[in-house]
Amino acid sequence: MFPYDDQILAAVDAVPQSVDDVIGAMRAIDAVCDDGDGLKWFNRLYLGVTQAVKARVDAGGFQDGAWMAALDVQFAGLYFGALRSALSGGTAPRCWTVLLERRNWTALARIQCALAGVNAHINHDLPTAIVRTGAAPVHGDAHYQDYTALNATLSSLVDAAKAELHVRLLGDLLPPVSQMEDAVAAFSVTAAREGAWNHAEIFWALRGFPELTARSEDTLDGMTAVIGKALLVPVG
């Protein structure tokens, strides 16, 4: 779709092993993406989030910093995997395809693309990432407390993006009133992350039932894709 997609593929070719690997890949994506590419605005927001997580891990700000770093790496790996699949002609999750097929729609606002990526990544990918850390997710335990301790930081970054990215992809002004305003205002990263943790607990409990797990994951993907489509209605 964009002439530099091969460079994005190269940036996500290797599976990340550390938070520094994740940041390096996101910086490489940011360096090549045009302003008119909706992926740029999600990736840039996600880069800021990852840098905030790394700073807190490095400062000893979590009860289990190693677990938080492992979650960060597992989480980003799912984003990179979706990009690898989509840009190499494979099949990405539907919730990611919604954004990646529309990343050149210049009638969209930058914040719409950023939030569509956040929607796909939190609502669909995050439960899987939590399970892949290898520790049972338990509501209220130390890992959950570390996980929710990030909510205020993430919400502030998303709120800042809602203001800063309130223009069309190419930078031109949006109409003063549109259906986008309600969709953007309604999106809560805290609520999405709580839902993701709850889904992780369900997926953990279903580990011995692969067919049921697959159906549940497919249903979650479909529901997340519907939200993505609602977020990506072109602004009139």
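**A buried lysine and its helical surroundings**

In the predicted model, the side chains of Lys 40 and Asp 35 are joined by a polar contact of 2.6 Å. Lys 40 lies in helix H3, which covers residues 38-58. With a relative accessible area of 8%, Lys 40 counts as buried, because this value falls under the 20% cut-off. When residues up to four places away in sequence are left aside, Lys 40 touches Asp 30, Cys 33, Asp 34 and Asp 35. Asp 35 is thus both a contact of Lys 40 and its partner in the polar pair.

Asp 30, also in contact with Lys 40, is one of the buried residues of helix H2. Helix H2 comprises 14 residues, 19-32, and its first and last C-alpha atoms are 21 Å apart, close to the 20 Å expected at 1.5 Å a residue. Besides Asp 30, the buried residues of H2 are Val 19, Val 22, Ile 23, Ala 25, Met 26, Ile 29 and Val 32. An α-helix has 3.6 residues a turn, so residues three or four places apart point the same way. The cover over the buried residues of H2 includes helix H1 (5-11), H3 and helix H4 (65-87). H3 is also the helix that holds Lys 40.

Ile 29, buried in H2, belongs to the largest nonpolar core, a set of 76 residues. In soluble globular proteins, nonpolar side chains tend to be buried together. Ile 29 is among the core residues with the most contacts inside the core, the others being Tyr 79, Phe 80, Trp 96 and Ile 111. Not counting residues up to four places away in sequence, Ile 111 touches Ala 161, Lys 162, Leu 165, Met 180 and Val 184.

For the protein as a whole, the secondary structure consists of 11 helices and zero strands. Half of the chain is buried, with 50% of the 236 residues in this class. Among contacts between residues at least 6 apart in sequence, 82% join residues at least 24 apart.

The overall dimensions were also computed. The radius of gyration is 17 Å, which agrees with the value near 18 Å that a compact globule of 236 residues would have. Along the principal axes, the C-alpha atoms fill a box of roughly 45 × 40 × 35 Å. The accessible surface comes to about 10,200 Å², and carbon and sulfur atoms account for 57% of this area.

Conventions: Residues numbered from 1 in each chain as written. Predicted model: local features only at pLDDT ≥ 70, side-chain atom pairs only at ≥ 80, totals over all residues. Heavy atoms only, no water. Helix = DSSP H or I, 4+ residues; strand = E, 2+ residues; numbered from the N terminus. Buried < 20%, exposed > 50% of the residue type's maximum accessible area, 1.4 Å probe, protein only. Polar contact = N/O pair within 3.5 Å; in protein donor to acceptor, adjacent residues only side chain to side chain. Contact = heavy atoms within 4.5 Å. Expected span 1.5 Å × (residues − 1). Core = buried A, V, L, I, M, F, W, Y, C linked by side-chain atoms within 4.5 Å. Rg over C-alpha atoms; globule rule 2.2 N^0.38 Å. Areas by Shrake-Rupley, 256 points an atom, 1.4 Å probe, with all protein chains shown as cover.
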